[in-house]
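The following exercises practise the reading of a protein model. Please study the sequence and the structure before attempting each task.

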Amino acid sequence: MDGESSLEADRRYLSACLDLARLGEGETSPNPMVGALLVKQGRLLGQGYHRRAGDRHAEVEALESAKSAAKGCTLYVNLEPCVHHGRTPPCADAIIQAGVAEVVASMADPDPRVNGRGFRKLEEAGVKVRCGILQEEARRFNEKFVKFVTAGLPFVTLKAAMTLDGRIAAASGESQWITAEAARLEAHRLRYQNDAILVGINTVLADDPLLTVRHGAGKPLLRAVLDSRLRLPPQARLLGNADGGRTVIYTGREALRSLRAKRVQREGVEVVEVDGKPGELSWAPILADLARRQVAGVLVEGGGRVLGSALAAGIADRFALFVAPRILGERGRAVFAGLAGETLADSLSVRDWACRSVGPDLLVEGYFSSPAGSVD
């Protein structure tokens, strides 16, 4: 563009890479979302994005779209090109072979298999490399991937639908529906962005949820239930397999040895023993098990005891709270049950929060100030 500086052009192209990468949202995990552009003398000659795990990477798709015109181009990409053999060959090799002159990336790939090696290989082959433009935006954009490859744990988002006074259900347990249809559809979009949904047994007993996704192609998610005494009823709808999703139940040692465990396992559900006090389960082995299952992002949907326990344990990274224009009063069930702060000094701080309207409701989103395994 006339009058545009080189830095402004770099920012514009890398911002476009992020927009392109978002087309793969919900499909690439545990891989990152990546978009790539090939540009020469202000002309866009090729583009691509990582569509789903196992498919061609964004850089290769962009090179294939440009064909021989890729020679001498500048490749813009939001993440360092890979240099290792996974389900696809290294992107750095393809870039070198295509004769790309320069690579401009937003951030290094924190995956220990890459972590600067891709840049070094490109530079050794004579490709100019620049990195760091829109770095914070790129890191936040792939926050689930970043935490997964650096901490070896899933990125944890707490989600709830509540009233203005922080109640997720009436005293009777009735909660359907606190928010309107638009908020419920947005909640399914949040599910789609993650790999697993986690709830407590009280939510299953009260609502009998399917825990599926009504967004996009309706991808199957891992359904995780915290059920220390294995109270899951045999007719629970989440025991079905209509969407191809799997169900795992986390329970205590005594319950695992019971006849109830054998009944649940006959339904095709995996039952996993977790340490903890009677009636409680420890978060650390649960998150470790989810990571072993390649879950990079988990959406914790409650109920109040589970959400409160996650906060108390310091394992939550982010929150998404749908707030309805209703007031239930003190007998309603609290969104974060069990937290026992006595003074303001005991309160939990949040950062980078924002709110927006979703139909007649509000969605308040943000980050907890010091979660375990934070991407900061």
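The exercises below concern sheets, helices and single residues in this model, which is a predicted one.

**Exercise 1. The sheet of 9 strands**

Task: State the order of the strands in the open sheet of 9 strands, and determine which strands stand at its edges.

Solution.
Step 1. Following the pairing from strand to strand gives the order β11-β10-β9-β8-β12-β6-β13-β16-β15. The pairing in this open sheet is mixed.
Step 2. β11 (270–273) and β15 (350–358) each have a single partner strand, so one side of each lacks a neighbour in the sheet. These two strands therefore stand at the edges.
Step 3. From one strand to the next, the twist averages 20 degrees.
Step 4. Helix α6 (residues 143–151) packs on this sheet and touches β6, β12, β13 and β16 (361–368). The direction of α6 makes about 135 degrees with that of β6.
Step 5. Helix α12 (residues 304–313) lies across β6, β8 (196–200), β9 (222–226), β12 and β16. Helix α12 runs at about 135 degrees to β6.

**Exercise 2. Strand β6 and its partners**

Task: Describe how β6 is joined to β12 and to β13, and explain why β6 is described as largely enclosed.

Solution.
Step 1. Strand β12 (residues 297–302) runs parallel to β6, and 4 bridges join the two. Within this pairing, L158 stands opposite V300 of β12.
Step 2. Strand β13 (residues 318–324) also runs parallel to β6, to which 7 bridges join it. Here A160 has L321 of β13 as its bridge partner.
Step 3. A residue counts as buried when its relative accessible area is under 20%. In β6 (residues 155–163), 8 of the 9 residues are buried, so the strand is largely enclosed by the rest of the structure.

**Exercise 3. The sheet of 5 strands**

Task: Give the strand order of the open sheet of 5 strands, and identify the helices α1 and α4 by the strands they touch.

Solution.
Step 1. The order is β2-β1-β3-β4-β5, and the pairing is mixed.
Step 2. β2 (43–49) and β5 are the edge strands: each has a single partner strand, so one side of each is left without a neighbour in the sheet. The twist from one strand to the next averages 15 degrees.
Step 3. Strand β1 (residues 35–40) and β2 run antiparallel and are joined by 6 bridges. In this pair, A36 stands opposite G48 of β2.
Step 4. Helix α1 (residues 6–21) packs on the sheet and touches β1, β2, β3, β4 and β5. The direction of α1 makes about 145 degrees with that of β1.
Step 5. Helix α4 (residues 117–124) packs on the sheet as well, touching β4 and β5. The direction of α4 makes about 150 degrees with that of β5.

**Exercise 4. Strand β4**

Task: Determine which way the residues of β4 point, and whether they are buried or exposed; then describe how β4 pairs with β3 and with β5.

Solution.
Step 1. In strand β4 (residues 102–105), E102 and V104 point one way, whereas V103 and A105 point the other way. All of these residues are buried.
Step 2. Strand β3 (residues 74–77) pairs with β4 in the parallel sense over 4 bridges. In this pairing, V77 has A105 of β4 as its bridge partner.
Step 3. Strand β5 (residues 128–131) runs parallel to β4, and 4 bridges join them. V103 has V129 of β5 as its bridge partner.

**Exercise 5. Two packed helices**

Task: Classify the packing of α2 against α3 by angle, and name the residues that make the contact.

Solution.
Step 1. Helix α2 (residues 58–66) and helix α3 (residues 91–98) pack at an angle of about 25 degrees, and their axes are 9 Å apart.
Step 2. Angles under 35 degrees count as roughly parallel. Helix α2 is therefore roughly parallel to α3.
Step 3. The crossing of α2 past α3 is left-handed.
Step 4. From α2, E59, V60 and L63 make the contact, and from α3, C91, A94, I95 and A98. These residues divide into 6 nonpolar, no polar and 1 charged.

**Exercise 6. A residue in a loop**

Task: Locate E174, and decide whether E174 is buried or exposed.

Solution.
Step 1. E174 belongs to the loop between β7 (167–169) and α7 (181–192).
Step 2. The relative accessibility of E174 is 55%, so E174 counts as exposed.
Step 3. From C-alpha to C-alpha, E174 and A161 are 12 Å apart in space, and they are 13 residues apart in sequence.

Note on methods
Residues are numbered from 1 along each chain as its sequence is written. This is a predicted model: local features need pLDDT of at least 70, side-chain atom pairs count only at pLDDT 80 or more; totals for chains, interfaces and linings use all residues. Side-chain values use heavy atoms; hydrogens and water are left out. Buried means under 20% relative accessible area, exposed over 50%, partly exposed in between (1.4 Å probe, protein chains only). Two strands pair if DSSP finds at least two bridges between them. Axes are lines fitted to C-alpha atoms, for helices over the stretch in contact, and angles run from 0 to 180 degrees between N-to-C directions. Angles under 35 degrees count as roughly parallel, over 145 as roughly antiparallel, 65 to 115 as roughly perpendicular and the rest as oblique. A crossing is left-handed if the near helix is turned anticlockwise from the far one by less than a right angle, and right-handed if clockwise. Contact means heavy atoms within 4.5 Å. Ala, Val, Leu, Ile, Met, Phe, Trp, Tyr, Cys and Pro count as nonpolar, Asp, Glu, Lys and Arg as charged, and the others, Gly among them, as polar.
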